Amino acid sequence: RSNALPPLDWPLPSQFDQYELCIEVQPRPHHRAHYETEGSRGAVKATPTGHPVVKLCGYTERKPLSLQVFVGTADDRSIRPHPFYQIHRVTGKMVGTASHESVQAGTKLLDIPLTPDNNMTVLIDCAGILKLRNSDIELRKGETDVGRKNTRVRLVFRVHLPLAPPVASSGRVLALQVASLPIECSQRSAQELPVIESISLTSCSVEGGEELLLSGSNFLPISRVLFTERGTDGKFQWEEEAHVDRDNSNECLLCVRVPTYSDLSITRPVSVSLYVSNGKRKRSSTHCFKFLPS
């Protein structure tokens, strides 16, 4: 894209040709955001320790670039700046990564140097999350989201690479973007919502039947595991509940059987989603799963 840089709500790829922007270390699934009236709660951390790490692969030039970070949405729609949360620059003796704040169309960004000397890799130890007052946002013209129901975010990372001939005409810029796994920012929700941190299997035959272990937290004796598929129009095409082996499950582990997929005659892999439900409005974020032709 030439001249103007793309807006923050534009969907962008994470990979193009040899270039790929990737998250090498994901943030923790919980972070307690802070209000402007209270002190910072520090930078977003990773699991089990440390901070998220982002890398630009395939870049061989010597010219440093800038990595942008902002707080994005974590719902079923395409990623856009979050209406109720903003990025917050964390400083101090323990912070090793330089950054500065800028604003684009009302959204705060952190700009962080991405340099060949550091192998185009950045430790994100300077990014906190600021909670805006629900009432301030909900009264804005055209705002339809409700703040107390919208407490999940993603850290969104974006980089702009200048392209030169023969790859592209002079002055063209390649924009890449990658978003983290969802982060729950409400302390109340963090204690109630189930969280999937890892799954033992990411694919199996359409016939299902294989054992799948979900590791995480806040699993209950009533927790259900659902597999769903949406069409290109966003509507549900298929939903099936997996059988949970209660005897071998606990609050940190769910042992389930993968259900049979709806179409046994597929000829190519089909991507679906799975999530844990502890009841209405108490769902984990979704994880990808693939059914393979038998």
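**Exercise 1.** In this predicted model, find which residues T73 is in contact with, leaving aside its neighbours within four places in sequence, and decide whether T73 is buried or exposed.

*Solution.*
Step 1. Place the residue: T73 lies in strand 5.
Step 2. List the contacts. With neighbours within four places in sequence left aside, T73 is in contact with S78, I79, R80, P81, H82 and P83, and also with R154.
Step 3. Look at the accessible area. The relative value for T73 is 1%. Buried means under 20%, so T73 counts as buried.

**Exercise 2.** Which strands pair with strand 8, and in what sense? Is strand 8 largely enclosed or left open?

*Solution.*
Step 1. Take strand 5. Five bridges link strand 5 to strand 8, and the pairing is antiparallel. Here L65 stands opposite L114 of strand 8.
Step 2. Take strand 7, residues 100-104. Strand 7 also pairs with strand 8 in the antiparallel sense, over five bridges. E101 has L110 in strand 8 as its bridge partner.
Step 3. Look at the turn. The hairpin of strand 7 and strand 8 has two residues between the strands, and A105 takes a positive phi near 50 degrees there.
Step 4. Check burial. Of the eight residues of strand 8, six are buried, so the strand is largely enclosed by the rest of the structure.

**Exercise 3.** Four strands form an open sheet: in what order do they stand, and why does strand 1 have one side without a neighbour in the sheet?

*Solution.*
Step 1. Write the order, which is 1-2-4-9, with antiparallel pairing.
Step 2. Examine one pair. Strand 4 and strand 9 are joined by three bridges and run antiparallel. V53 has L123 in strand 9 as its bridge partner.
Step 3. Go to the edges. Strand 1 (15-16) and strand 9 (121-123) each have a single partner strand, so one side of each lacks a neighbour in the sheet.

**Exercise 4.** How many residues does the largest nonpolar core have, and which strand gives the largest share?

*Solution.*
Step 1. Count the core: it has 35 residues. Those with the most contacts inside it are L21, L56, L67, F157, V159 and L161.
Step 2. Find the sources. Elements that give two or more residues include strand 2 (19-25), strand 5 (65-73) and strand 11 (152-162). Strand 11 gives the largest share, five residues.
Step 3. Follow F157. Beyond four places in sequence, the contacts of F157 include L21, I23, V54, L67 and L176.
Step 4. Separate the other core. A second core has 24 residues, among them I196, I199, V258 and F291.

Technical notes:
Residues numbered from 1 in each chain as written. Predicted model: local features only at pLDDT ≥ 70, side-chain atom pairs only at ≥ 80, totals over all residues. Heavy atoms only, no water. Core = buried A, V, L, I, M, F, W, Y, C linked by side-chain atoms within 4.5 Å. Buried < 20%, exposed > 50% of the residue type's maximum accessible area, 1.4 Å probe, protein only. Contact = heavy atoms within 4.5 Å. Pairing = 2+ DSSP bridges.
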